Amino acid sequence: MSQSQLLKNKKFAPFFATQFFGAFNDNIFKNCLMLIVAYHAVDKIAVDTNLLLNLAAGLFILPFFLFSAIAGQITDKYDKAMLMRRIKLAEIVLMSFAALAFIFELYYVLLALLFLMGSQSTFFGPAKYAILPQHLKPEELVGGNALVEMGTFVAILLGTIGAGFIVQQPQYLWWSAVLIVVFAVIGYVFSRSIPSAPSSQPDLQISWNPLTNTYQMVKLIKADKPSYLAILAISWFWFLGAAYLTQFPNYSKVTLQGDESVVTLLLAIFTLGIGVGSMLCEKLSSSRVELGIVPFGAISLSVFGVDLYFASQVNLDHSITWLMYFTGEQSSRVLIDLLGIGIFGGIFIVPLYAYVQKRAAEEVRARTIAVINIINALFMVASAITAMILLGMLNLTIPEFFLALSIMNVIVCVYIFVRVKDFFIRFVVWCVSHTMYRVKHVNLSSIPETGAGVIVCNHVSYMDALLIAGASPRPIRFVMDYKIFKTPVLSWFFKLVNAIPIAPKHKDEETYHNAFDEISKALNNDELVCIFPEGKLTDDGEIKPFKAGIEQIIERDPVPVIPLALVGLWGSFFSHKDRPALQKAPKRFWSKVKILASAPVMPEQISSKALEDIVLTLKNS
């Protein structure tokens with residue numbers, strides 16, 4: 001189902017609208033408060049505004065650390081749609097008190113209510129993300145997450161613009177008071193149409209000790225290293241996001257010499273970028289969970305962050321409006337950098353959320369999301385503390401603080417990507433399959449999502465394995481020629497991806513037998529193994545006779561075989577047609593490639609000749 005169709009789906013649309021208006025109202029409330037503090041209440045609050053703005057950011061996310069473990073248990077125990085409705089009712093109550101506090105300018109009361117709104121969001125978060133795998137098909141998960149992230153950040157964008165507009169009105173306190181209650185009511189109305197999402201563990205005994213729960217849940221998730229490090233990557237994004245967003249009011253006022261409307265412009269560009277990046281994810285990942293684009297997003301975050309430092313060096317000598325800044329000669333570079341940070345932030349975060357959701361067991365999915373919120377909160381509190389130290393104690397300017405963030409991003413991401421090799425492997429595979437080739441997939445749903453299986457394919461170029469790996473919805477162990485496996489420089493990568501070297505029996509009997517033993521071990525571990533039964537690259541573009549090795553594999557471990565055919569690689573780079581002696585046509589770099597799959601063949605029907613005929617039929621289809 002496409003993203004536009006999802007927005008019309010009765011299982012998704014009411015939920016989407018509910019979370020949209022929740023995020024929108026949160027940002028109307030937070031940004032109105034922060035803008036009023038920065039521009040209107042300086043003389044009424046006996047605290048440095050830098051300190052107060054960072055304190056406000058910390059107060060909003062502190063409840064995520066304190067209460068997320070309890071929220072996760074409650075979400076796993078009860079119907080998620082019912083919980084959402086009750087949480088939205090609580091929002092109406094809180095916003096009613098906040099309205100009174102705005103009218104009477106009770107700023108410290110508003111800070112306390114900011115903490116309570118953070119608590120309300122803490123209980124909404126696990127239900128918000130845990131309901132998606134319950135209502136969406138696996139192939140819709142990335143698209144659904146992208147829409148949620150896009151909707152959230154469009155809501156942030158509109159809430160940010162709305163707050164900037166409200167605060168510029170003569171009666172800004174009354175406007176703030178009325179609208180936060182109205183939007184809370186609208187969110188509740190939509191929540192009443194969310195379809196039921198039954199409990200995944202109704203017998204769960206809830207423990208109300210937040211510290212013990214937090215420790216136990218984090219310990220449980222840490223046992224799954226890939227998920228835990230993906231969660232750390234998600235939390236690092238929120239560290240960066242909180243650091244950027246919190247500094248925008250003073251960055252606009254001090255560095256850019258802008259009024260309140262320039263803050264709105266910066267936030268709008270930033271959040272628009274995240275929304276665009278989130279929506280690009282489904283296209284870049286071919287509608288599946290693709291970790292390969294995460295390092296791409298991480299690298300680009302630092303590139304644009306460093307450039308933002310250099311673009312922020314020139315101060316203006318008078319206060320300007322958003323339109324004056326937007327049309328100014330010096331503004332375009334800053335705005336492009338902020339847009340780039342937003343876009344690649346969206347590309348960074350969406351696949352990580354989908355990956356964790358897909359990997360988590362249904363009975364603990366909400367608690368897994370709660371762990372994300374706990375660690376997010378910890379990182380966001382750390383972000384506020386880091387900002388206080390660097391900006392307050394070390395007296396860095398805000399552009400210097402942004403440069404420090406970019407350098408820290410490089411260090412953190414290198415650590416995570418080195419610890420989880422899947423990030424780097426998928427990044428290499430994605431880069432090759434999306435830059436050198438234009439790849440179209442046909443019937444790849446034939447590759448089973450779970451269980452053992454052997455993939456057989458014709459062998460056209462040295463890039464075949466990377467293209468198949470990029471198309472597969474799950475990891476594959478490739479069997480490859482032992483001489484290529486030992487290639488200098490590349491051998492470390494082949495070892496990293498757990499390739500299996502094989503040699504002709506008459507040349508290296510030990511390697512030959514070890515290969516079949518390793519294949520058997522992989523199949524018994526429910527892994528996918530891919531072999532190229534021709535034994536070598538084609539030298540004329542035609543399929544050569546399949547050797548009998550596949551029959552030996554299946555005789556030892558009777559598992560389904562999935563035939564694939566590669567079409568369009570002959571004559572491209574890294575095929576034998578690139579050799580000058582065989583060159584008959586110009587080299588083609590941006591080759592159109594098809595990967596076609598047939599239905600799995602059961603063990604009793606397998607022979608090398610039968611598989612060869614199937615692959616030949618696919619190739620010629």
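Residues are called buried when their relative accessible area is under 20%, exposed when it is over 50% and partly exposed in between (1.4 Å probe, protein chains only). Helices (H or I, at least four residues) and strands (E, at least two) are DSSP runs, numbered from the N terminus. The model is predicted, so that local features need a pLDDT of at least 70 and side-chain atom pairs count only at pLDDT 80 or more, whereas totals for chains, interfaces and linings use all residues. Residues are numbered from 1 along each chain as its sequence is written, and side-chain values use heavy atoms, with hydrogens and water left out.

The protein chain has an average pLDDT (the predictor's confidence in each residue, from 0 to 100) of 84, and 92% of its residues score at least 70. Confidence is highest in helix H7 (residues 172–191), with a mean of 95, and lowest in helix H12 (residues 322–326), with a mean of 66. Where pLDDT is low, the predicted coordinates should not be read in detail.

Among the strands, S5 (residues 528–531) directs Leu528 and Cys530 one way and Val529 and Ile531 the other way, and all of these residues are buried. In a regular strand the side chains alternate between the two faces of the sheet. Strands are taken to pair if DSSP finds at least two bridges between them; by this criterion S5 pairs with S2 in the parallel sense over four bridges, and Gly453 stands opposite Leu528 of S5. Strand S3 (residues 476–481) also runs parallel to S5, to which it is joined by three bridges, and the bridge partner of Arg477 in S5 is Val529.

Strand S2 (residues 453–457) pairs in addition with S6, in the parallel sense and over four bridges, with Ile562 of S6 as the bridge partner of Ile455. Strand S6 is in turn joined by four bridges to strand S7 (residues 591–597), and these two strands run antiparallel; the bridge partner of Leu566 in S7 is Ile595. Six of the seven residues of S6 (residues 561–567) are buried, so this strand is largely enclosed by the rest of the structure.

Two of the helices were compared with their expected span, which is 1.5 Å times one less than the number of residues. Helix H6 (residues 141–167) has 27 residues and should span 39 Å, in agreement with the 38 Å between its end C-alpha atoms. Of these 27 residues 23 are buried, so H6 is largely enclosed by the rest of the structure. For the 29 residues of helix H14 (residues 365–393) the expected span is 42 Å, which agrees with the 41 Å that separates its end C-alpha atoms.

Helix H14 is followed by Asn395, which has a positive phi, near 60°. Asn395 is found in the loop between H14 and helix H15 (398–419) and is exposed, with a relative accessible area of 59%. A positive phi near 60° also occurs at Asn498, which is found in the loop between helix H19 (491–496) and strand S4 (500–502) and counts as partly exposed at 34% relative accessibility. Most residues other than glycine have a negative phi.

Rings of Phe, Tyr and Trp (its six-membered ring) were paired if their centres lie within 6.5 Å, with planes under 30 degrees apart counted as stacked, over 60 as edge-to-face and the rest as tilted. The structure holds 24 aromatic pairs. Tyr512 and Phe516 form an edge-to-face pair, at 5.0 Å centre to centre and with 65° between the planes; both residues lie in helix H20 (residues 509–524), four residues apart, or about one turn of the helix. Phe516 is buried, with a relative accessible area of 9%, and Tyr512 is buried as well. Beyond its neighbours within four places in sequence, Phe516 is in contact (heavy atoms within 4.5 Å) with Ile502, Gly549, Gln552, Ile553 and Arg556. Arg556 is 40 residues from Phe516 in sequence, yet their C-alpha atoms are 9.2 Å apart in space.

Ser68, placed in helix H3 (residues 49–77), counts as buried at 0% relative accessibility. Its contacts, leaving aside neighbours within four places in sequence, are with Pro63, Thr122, Ala370, Asn373 and Ile374.
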